[in-house]
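Today I went looking for empty space in this protein. Here are my notes, in the order I made them.

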Amino acid sequence: YFDITKFTVEKFKWRASEKRIYNLEPLSEKHLCSVSEDGSLIIWEIQIHKDGRYSSKEICSNKNCNRELRGLLCHKFDNSHTICVGGTEILQQSGIIMLFQWNPDKPHQMNTYRTIKYPQMAPIQSLCLSLDEKKFSYHIWAGSYGVVYKISVSNKEQDETIKLDEKGRMTCIKSVESEIWGCINDKIFIFGGKNPELRETLDNPVNKKSFRCIEVLSNGGKQYVCSTSSDGTLCIWDVQTRSHLKSYSNSHNDLICALLFDMKYLWTSGKEKKIKCWSL
């Protein structure tokens with residue numbers, strides 16, 4: 001593992017305020033996108049200097065102090081990028097999802113092309129993207145408080161809502177083959193990717209601790225799902241059989257905050273300020 005307290009870190013002063021950045025997504029080799037609790041969606045240009053130093057500058061933004069943004073999703077369609085953000089309208093305490101278009105050939109412009117707000121829409125916590133290969137249509141899945149929204153990117157299909165009996169925040173939602181997996185409290189919910197019905201619910205096989213993150217793994221041509229819990233436990237699931245294969249109860253001594261699979265290794269980071277690399 002790597003102790004991040006010993007890392008040499010290049011710090012970017014991205015804004016004067018001290019508001020938390022909730023999510024980061026890459027747009028290109030030298031562009032990043034961020035969302036934060038002060039309602040800012042910002043595109044950054046990262047520069048690497050000849051002496052090895054890094055620097056960044058804000059080149060494009062959409063800011064609204066009456067919003068808190070948590071969810072962020074970026075996907076490239078042809079020559080342009082679609083940026084999807086989700087969060088909360090603070091004054092109304094309701095959810096909001098916005099779609100933007102950004103082109104690397106015109107990096108200083110970002111155009112809003114759709115805003116989704118329903119009556120009594122719950123605040124958005126997490127986002128993922130799915131593809132219907134037969135129709136070749138993309139959908140955004142948004143996780144909230146006991147509710148999941150399925151939204152057509154092209155706006156040619158009717159948006160759909162799935163209400164759950166479980167009360168709590170959907171901290172993570174992922175596209176897994178033709179299905180959608182999302183976690184609330186100590187349960188994982190599996191939805192149909194084409195038909196947005198709830199297919200199955202999986203309980204935490206180790207204890208009643210809440211799930212925090214989900215990541216899709218590939219090994220030997222087969223897909224698996226890795227989940228993390230608030231006590232630092234890692235669980236590996238078989239996608240096809242839904243069976244729990246293995247648990248690592250001592251993976252971290254505290255909450256695992258993030259998961260990343262880079263097609264070779266699984267990376268985990270925890271509240272204990274360590275990054276660990278796992279071979280599959």
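Which strands each supply at least two residues of the lining of the largest pocket? I looked this up in the predicted model, and the strands are strand 2 (21–28), strand 6, strand 10 (126–132), strand 14 (170–176), strand 18 (211–219) and strand 22 (256–261). Strand 18 gives the largest share, with seven residues.

Next I checked the volume of that pocket, which comes to about 2000 Å³. Its lining has 46 residues, and I noted N23, L24, E25, A258 and L259 as the closest to the centre. Sorted by class, I have 28 nonpolar, ten polar and eight charged residues in this lining.

Then I turned to the second largest pocket, at about 230 Å³. Strand 18 turns up here too, as strand 18, strand 20 (234–238), strand 21 (244–248) and strand 24 (274–279) give two or more residues to the lining. The largest share, three residues, belongs to strand 21. I counted nine nonpolar residues, two polar and one charged in the lining; W278 and K246 are among them.

Last, I looked for enclosed space and found one cavity of 30 Å³ or more. Its volume is about 40 Å³. I wrote down its lining as L73, H75, F77, T82, C84, L129, I140 and V153. Strand 6 (67–77) and strand 7 (80–89) each give two or more of these residues, and strand 6 has the largest share with three. No charged residue lines this cavity; I have six nonpolar and two polar ones.

Notes. Residues are numbered from 1 along each chain as its sequence is written. This is a predicted model: local features need pLDDT of at least 70, side-chain atom pairs count only at pLDDT 80 or more; totals for chains, interfaces and linings use all residues. Side-chain values use heavy atoms; hydrogens and water are left out. On a 1 Å grid over the protein atoms alone, a cavity is a set of points where a 1.4 Å probe fits but cannot get out, and a pocket is an open set with protein on both sides within 12 Å along at least five of seven lines; lining residues have an atom within 4 Å of a point. Grid points are joined across faces, edges and corners, and a volume is the space filled by probe spheres set on the points. Helices (H or I, at least four residues) and strands (E, at least two) are DSSP runs, numbered from the N terminus. Ala, Val, Leu, Ile, Met, Phe, Trp, Tyr, Cys and Pro count as nonpolar, Asp, Glu, Lys and Arg as charged, and the others, Gly among them, as polar.
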